[in-house]
Amino acid sequence: MHFTKTLPSHPQYIHRVFTRWHPTKKLLFMALMAALTAILQSAGGLLPPIGFAISPFSTASIMIATLLSLRSGVFAYTVTILLLFLLQPSELIIFPFTTGLLGLGLGWTLRKLNKRPQVVLTNGLLLTIGISVPLYALGFPVLGPTVSSAINPLTLLLIFTFSLLYSWIWTELSLFTLRKIKPILKAVPPL
């Protein structure tokens with residue numbers, strides 16, 4: 001069964017390639033990923049109709065930065081938050097708790113875990129927590145004005161179900177993206 005197979009070696013291979021890079025190249029790569037993430041995340045506010053379809057892809061660049069190391073991912077995540085403060089402050093609640101957090105989780109779990117269900121469940125729980133904190137603790141309507149900020153077990157179950165589905169989609173999309181990046185990294189000579 002596809003869902004229970006061991007994950008391919010793409011994340012580990014890309015991590016090994018990244019770790020051989022010179023520290024300056026790593027720093028530039030992290031900055032590039034942070035800038036790309038900020039641009040993608042800002043698209044929702046800057047280009048409203050199309051931008052809402054583009055902004056979820058900010059997860060991918062944080063995930064790729066986290067493949068270098070968790071520290072690199074957190075660096076790119078933090079720099080992105082600072083850039084969003086300048087570019088699109090309205091995204092400061094959404095990014096740190098949803099797309100950015102999922103990118104950190106995906107990058108880390110794809111490298112450390114070896115089964116899809118583990119990756120999907122871990123990131124589904126992480127995303128559920130990320131949606132619940134602004135919704136219930138901060139009272140920010142992350143899911144729109146129709147969802148109450150009062151704790152409701154049915155709403156939590158729906159959030160968890162959505163998070164699992166979204167995490168599964170992003171796991172598959174991430175593995176597809178990494179499969180496409182791997183031959184490019186093999187073709188580029190090391191510096």
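Two residues are in contact here when heavy atoms of each lie within 4.5 Å. With that in hand, let us walk through this predicted model, starting from the whole and moving to single residues.

## The whole fold

The protein is built from nine helices and has zero strands. Read from one end of the sequence to the other, the pattern is α-α-α-α-α-α-α-α-α. Its radius of gyration is 17 Å, close to the 16 Å that the globule rule gives for 191 residues, so the protein is as compact as a globular protein of that length. Along the principal axes, the C-alpha atoms fill a box of roughly 55 × 45 × 30 Å.

Of the 191 residues, 42% are buried. The accessible surface comes to about 10000 Å², and carbon and sulfur atoms account for 76% of that surface. If you take the contacts between residues at least 6 apart in sequence, 72% of them join residues at least 24 apart.

## Helix H2 and what covers it

Helix H2 covers residues 23–46, which makes 24 residues. How far apart should its ends be at 1.5 Å a residue? The expected span is 34 Å, and the end C-alpha atoms are 34 Å apart, so the two values agree.

The buried residues of H2 are Phe 29, Met 30, Met 33, Ala 34, Thr 37, Ala 38, Leu 40, Gln 41, Ser 42, Ala 43 and Gly 44. Which helices help to cover these buried residues? The cover includes helix H1 (10–19), H3, H4, helix H5 (70–87), helix H6 (94–97) and helix H7 (99–112).

## Two well-covered helices: H1 and H4

In H1, seven of the ten residues are buried, so this helix is largely enclosed by the rest of the structure. The seven are His 10, Pro 11, Tyr 13, Ile 14, His 15, Val 17 and Phe 18. These buried residues of H1 pack against H2, H4, H7 and H9.

H4 is mostly covered too, with eleven of its eleven residues buried. The run consists of Ser 58, Thr 59, Ala 60, Ser 61, Ile 62, Met 63, Ile 64, Ala 65, Thr 66, Leu 67 and Leu 68.

## Aromatic rings

How many aromatic pairs does the model contain? The count comes to six. One of them joins Phe 18 and Trp 21 in a tilted arrangement, with 4.7 Å from centre to centre and 50 degrees between the planes. Both Phe 18 and Trp 21 are buried. Another pair is formed by Phe 57 and Trp 170: the ring centres are 6.0 Å apart and the planes stand at 70 degrees, and since an angle over 60 counts as edge-to-face, this pair is edge-to-face.

Where do these two partners sit? Phe 57 lies in the loop between helix H3 (48–54) and helix H4 (58–68), while Trp 170 belongs to helix H9 (residues 153–187), so the pair ties together parts that are 113 residues apart in sequence. Phe 57 has 42% relative accessibility and counts as partly exposed, whereas Trp 170, with a relative accessible area of 5%, is buried.

Ring pairs also link Phe 18, Trp 21 and Phe 29 into a cluster. Phe 18 is one of the buried residues of H1, and Phe 29 is one of those of H2.

Tyr 13, another buried residue of H1, has lysines over its ring face, as the table shows.

| Lysine | Ring | Distance to ring centre |
|---|---|---|
| Lys 182 | Tyr 13 | 5.2 Å |
| Lys 186 | Tyr 13 | 5.5 Å |

## Two residues in close view

Thr 109 is found in helix H7. Is Thr 109 buried or exposed? Its relative accessibility is 4%, so Thr 109 counts as buried. Not counting residues up to four places away in sequence, Thr 109 touches Val 119, Thr 122 and Asn 123.

Leu 92 is placed in the loop between H5 and H6. With 22% relative accessibility, Leu 92 counts as partly exposed, because buried would need a value under 20%. Neighbours within four places in sequence aside, Leu 92 is in contact with Ile 81, Leu 84 and Phe 85. For one of these partners, Ile 81, the C-alpha atom is separated from that of Leu 92 by 6.7 Å, with the two residues eleven apart along the chain.

Conventions
Residues are numbered from 1 along each chain as its sequence is written. This is a predicted model: local features need pLDDT of at least 70, side-chain atom pairs count only at pLDDT 80 or more; totals for chains, interfaces and linings use all residues. Side-chain values use heavy atoms; hydrogens and water are left out. Rings of Phe, Tyr and Trp (its six-membered ring) pair if their centres lie within 6.5 Å; planes under 30 degrees apart count as stacked, over 60 as edge-to-face and the rest as tilted. Buried means under 20% relative accessible area, exposed over 50%, partly exposed in between (1.4 Å probe, protein chains only). Helices (H or I, at least four residues) and strands (E, at least two) are DSSP runs, numbered from the N terminus. A charge sits over a ring if NZ of Lys or CZ of Arg is within 6 Å of the ring centre and within 35 degrees of the ring normal. The radius of gyration is taken over C-alpha atoms; the globule rule is 2.2 Å times the number of residues to the power 0.38. Accessible areas come from the Shrake-Rupley method with a 1.4 Å probe; for residues, only the protein chains shown count as cover. The expected span of a helix is 1.5 Å times one less than its number of residues.
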